[in-house]
Amino acid sequence: MIQVVKQFPVLTVLFVIALIASVRADTLEAPSTPAEIAVPEGNVLYMEVFADGVQIYSCGAKEDGTGYEWAFKAPEAILYDMSMNPIGTHGAGPFWQASDGSRVEGKVQAKVASSDPTAIPWLLLATTSTGSEGMFATTTFIHRLGTVAGIAPTDGCDEANAGAEAKIPYTATYYFYEAAY
């Protein structure tokens with residue numbers, strides 16, 4: 001009888017953990033997005049992360065030779081889980097690298113303007129490669145939504161400043177999708 005009583009709390013704890021995991025999976029819902037950036041059918045949301053960093057722009061000559069402009073170079077951000085614990089980084093490529101060593105790279109498939117004119121666009125990205133096993137290994141698509149700030153400067157780019165960089169703070173929420181099983 002004593003042995004059963006000692007095991008009961010362990011089984012209870014395991015049951016509660018499984019129940020919490022099940023509830024969390026059921027409560028993670030894909031955000032509503034414009035049709036232009038909808039994730040294709042057959043993919044489900046499995047993770048949501050918050051990014052806080054900068055959008056890096058470089059000053060250079062316009063392609064048509066009519067002056068100078070700020071051109072997007074790369075993102076640089078820290079990724080956080082929804083409890084604001086750091087879980088990885090985001091950088092040029094673009095890539096998302098988790099603290100567990102897993103990595104996903106993506107390519108923009110579609111974008112729409114943010115409802116905030118001072119914020120970078122919302123994106124749908126398709127996975128182009130994944131690295132080792134871990135939190136990003138199953139990613140098929142990524143959304144960048146809920147953007148705040150990050151747009152290119154509107155001035156300060158001219159011949160005298162050619163080659164200069166501007167790091168503009170931004171935040172966003174990234175949603176990671178995987179194939180439905």
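What share of the contacts in the protein with a separation of 6 or more is accounted for by residues 24 or more positions apart? In this predicted model, such residues account for 61% of those contacts. The protein contains 1 helix and 8 strands, and along the sequence these elements follow the order α-β-β-β-β-β-β-β-β. Of the 181 residues, 35% are buried. The exposed surface of the protein amounts to about 10,500 Å², and carbon and sulfur atoms contribute 59% of that area.

Strand pairing was examined next, beginning with β1. Strand β1 (43–61) is joined to β2 (68–80) by 12 bridges, and the two strands run antiparallel. Within this pairing, Q55 has P75 in β2 as its bridge partner. The connection between β1 and β2 is a hairpin with 6 residues between the strands. In the turn of this hairpin, G65 adopts a positive phi of about 75 degrees. Strand β1 also pairs with β8, again in the antiparallel sense, over 15 bridges. One residue pair in this arrangement is I56 and K167, the latter being the bridge partner in β8. Strand β1 is thus bridged both to β2 and to β8.

The C-terminal part of the strand order shows further antiparallel pairing. Strand β6, covering residues 122–130, and strand β7, covering residues 139–149, pair over 4 bridges in the antiparallel sense. Here L125 stands opposite I142 of β7. Strand β7 is in turn connected to strand β8, residues 165–179, by 8 bridges, and these strands likewise run antiparallel. The bridge partner of H143 in β8 is Y175. Strand β8 therefore has bridges to β7 as well as to β1, given that a pairing is assigned where at least two bridges are found.

Two residues of β8 were considered in detail. E178 lies in this strand and counts as buried because its relative accessibility is 15%, which falls under the 20% limit for that class. Leaving aside neighbours within four places in sequence, E178 is in contact with G42, N43, V44, Y46, T138 and T140. The C-alpha atoms of E178 and I142 are 9.1 Å apart in space, whereas the two residues are 36 residues apart in sequence. I142 is also the residue that L125 stands opposite. Y177, likewise found in β8, has a relative accessibility of 3% and so counts as buried. Between Y177 and T138 the C-alpha to C-alpha distance is 8.0 Å, with a sequence separation of 39 residues. T138 is also among the contacts of E178.

The largest pocket encloses about 410 Å³ of space. It is lined by 21 residues, of which Q55, F72, P121, L123 and R144 are the closest to its centre. Elements giving two or more residues to the lining are β1, β2, β5 (103–112) and β6. Strand β2 provides the largest share, with 4 residues. By residue class, the lining consists of 15 nonpolar, 3 polar and 3 charged residues. Q55, one of the residues closest to the pocket centre, is also the residue bridged to P75 of β2.

Several backbone features were also examined. Most residues other than glycine have a negative phi, and most peptide bonds are trans. By contrast, a cis peptide bond joins G93 and P94, with omega at about -5 degrees. P94 is located in the loop between β3 (86–91) and β4 (95–98). M84, which is not a glycine, has a positive phi of about 65 degrees. This residue is found in the loop between β2 and β3, and it counts as partly exposed because its relative accessibility is 45%. A149 is a further residue other than glycine with a positive phi, near 60 degrees. Unlike M84, which is in a loop, A149 belongs to strand β7. With a relative accessible area of 27%, A149 is partly exposed, since that class covers values between the 20% limit for buried residues and the 50% limit for exposed ones.

Conventions: Residues numbered from 1 in each chain as written. Predicted model: local features only at pLDDT ≥ 70, side-chain atom pairs only at ≥ 80, totals over all residues. Heavy atoms only, no water. Buried < 20%, exposed > 50% of the residue type's maximum accessible area, 1.4 Å probe, protein only. Contact = heavy atoms within 4.5 Å. Areas by Shrake-Rupley, 256 points an atom, 1.4 Å probe, with all protein chains shown as cover. 1 Å grid on protein atoms, 1.4 Å probe; cavity = no way out; pocket = protein on both sides within 12 Å on 5 of 7 lines; lining within 4 Å. Points joined across faces, edges and corners; volume = space filled by probe spheres on them. Nonpolar A, V, L, I, M, F, W, Y, C, P; charged D, E, K, R; others polar.
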